[in-house]
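Reader: Could you walk me through how a few pieces of this fold pack together?

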Amino acid sequence: MARKKTASKKKNKTTKDVDWKDVARLMLTSRAMDDKEENELVPNKEVLYQFSARGHELGQILLGKLLTNKHDSASAYYRSRPLLLTLGLSEEDAMAAPMGKSGGYSDGRDIGVVCNKPDADAPKVLPMAGDVGSQYTPAIGWAQGIEYRKKVLKEKEYDKAISVILGGDGSVATNGFWSALTIATTQNLPVLFYIEDNGYGISVTSEYQTPGGKISNNLQSFNNLKIYDGDGTDPEEAASLLEESVDYVRGRKGPALIRLTVPRLNGHSYQDNQAYKDDKLVEKEKKNDPLEKLKAYMVPDQITEKTWKNWEKKAKETIEEAAEAALNRPQPDTSQTEKFAFAEDEIQTIGGLAVEGHEFPESTEEAKPEKQRINIVEAIRRTLKYELETNPRVMVFGEDVGMKGGVHAATMDLQSEFGQDRVFDTSLSEEGIIGRAVGLAYSGLMPVAEIQFRKYADPATEQLNNCGTTRWRTANRFAAPIVVRMPGGFAKCGDPWHSMSNEVFFTHAIGWQVAMPSNAEDAVGLLRSAMRSNNPTVFFEHRNLLDAKYARKPYPGDEFIVPFGKAKKLREGEELTIVTWGAMCERSEAAVEKLGVSADVLDLRTLMPWDKEAVLDSIRRTNRCLIVHEDNKTAGFGAEIAAVLVREAFTYLDAPVERITMPDIPVPYNVNLMNSVLPTTEKITGKIEELLSF
């Protein structure tokens, strides 16, 4: 039952266990870092982006000291450097990262305060992101991963581990916060939401972020959420509330939220002069400095003024040395900048099955077809079933995938066979579905998430993009290999919501593999490859092919795989090359059949990577190329292929490279309207004749 915990001014005996000397050391170190950056490194342009933690340090340090299980995780944000220092981030790495120097947690690839910490035998800090609120749902996935590994995989060392999420008061207005809160409370996950309320989101006050300006008041009616509220500048009060809230979650009493008020003693970033605050408020905030309050708490009762001054001096000296060492680091190696967009020989430290040493059953590219033909829906269901049977780390989830079996029936009966821990329904939040998948992948599992229709992936764009760039941003420290199943494209009718294709979006998204099978056999092989890959994959299931006669093929066997980046030649000829994928394979083959021409018809099968060599080899023989795809024309993936051909096959071409695509409009609902704009067999035959007569 939701209940507000009122902060007590009475001394709590639990705070006696706090190592206040080390808390002071860490606070003074963090403050010295901010001083060094703000007074010297930023003005000298040694640091280009600076986000001060001044005023936020105390609660973060106290929280960090409570993360003691090696499977604990913190999902933090750009003002969380004190937490990282508490968890063992070196002063030199902390100083070098904002300078963009080599090493550290991104090797100069990301903003210096966007941190991560992948230690195998210590609490993890999940990869941060620069967008507000995106830290929430991956942490939910980590929490669910903790429970899964403890309950399903029977790994006792995950007992008592927790997931902590740090956010500012501005972040409580975001999609990610509310999605995470819903999942945590409905699934009773071991999650602590730690909200640092400094009263401002850059210049916007809390009243504009949440009604009444106080999120802890607004959540009183949330079932299964314990709420704590207090002063993040008062040493004993903050320590007591944090210890109680962490113990509550670690004791598996449910998720909790703690809101601590703190002052933001500097602007949002270095460039922010806080002109929107009046002088009285600025002065009031300075008097509320948690560092001064910690000093007053310790001096003279625990230490002398002289000791405190010696600590201050030592912290400044430490940071001077760390800054000097950081400045002397080399610049990152520019020859390595393109590494780690995708998995390479070096395995990441955290995330995915490769890290866990999982061994898959044997596989082959040789199909062993059964006698009966099946549709794509059954092909997907059987592939999921086999991978669930042979890999206990596979989880399948999304809206309606459980008892209903998915709106397209691709997960029918899987929940009844494998249970709700492994095949389960989610709340209606694509942000939550994808963000949770990312966190589950970080925790060493293989999440297969379903988005019901392509268009509905749009609310998850932030998580999809961040997932794809994780490996690169962290210089291969973290990766999140997930599979996102996504039906789309036209069917018996169209419409702007369920019929979107837009596969080019995912080919442009960094770090994502993209598969688009045109038949049941390839659906099996590509989905199995995706579920065994060390890269995240978008698996596009075309709605018009799910039960189409054209797409029906015999099940190719439980060992069958299709490698990514390997096109399939549907027809072979000499006069023309047609490059296509998805539902356009059927129409392209029909056009060639109707005209009786000799043509290569290449089904790319995967767009990222795509089989450039197969296309070039074909063009060198046929000297003509037609690209057919359902996506819109402008900047569609066909434009990428055409650009490559103009550069690498120009001397072989006897005619312009042509494209047949949708025009730059959504898919209409009316069937006649839809057919008037889709690439049809008739349109393809007309373009073939035009090319052959050029």
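**Helix packing and a sheet**

Author: Sure, starting with a helix pair: the axes of helix 1 (residues 20–41) and helix 11 (residues 290–298) come within 11 Å and cross at roughly 150°. Axes here are lines fitted to C-alpha atoms, for helices over the stretch in contact, with angles from 0 to 180 degrees between N-to-C directions. Helices (H or I, at least four residues) and strands (E, at least two) are DSSP runs, numbered from the N terminus. This is a predicted model, where local features need pLDDT of at least 70, side-chain atom pairs count only at pLDDT 80 or more, and totals for chains, interfaces and linings use all residues. Residues are numbered from 1 along each chain as its sequence is written, and side-chain values use heavy atoms, leaving out hydrogens and water.

Reader: How are helix 1 and helix 11 oriented to each other?

Author: Their axes cross at roughly 150°. Angles under 35 degrees count as roughly parallel, over 145 as roughly antiparallel, 65 to 115 as roughly perpendicular and the rest as oblique. Helix 1 and helix 11 are therefore roughly antiparallel.

Reader: Which strands stand at the edges of the five-strand open sheet?

Author: The strand order is 18-20-19-22-23, with mixed pairing; two strands pair if DSSP finds at least two bridges between them. Each edge strand has a single partner, so one side of each lacks a neighbour in the sheet: these are strand 18 (568–571) and strand 23 (658–662).

Reader: What is the bridge partner of Arg571 in strand 20?

Author: Strand 18 and strand 20 (residues 599–603) pair in the antiparallel sense over three bridges. The partner of Arg571 in strand 20 is Val601.
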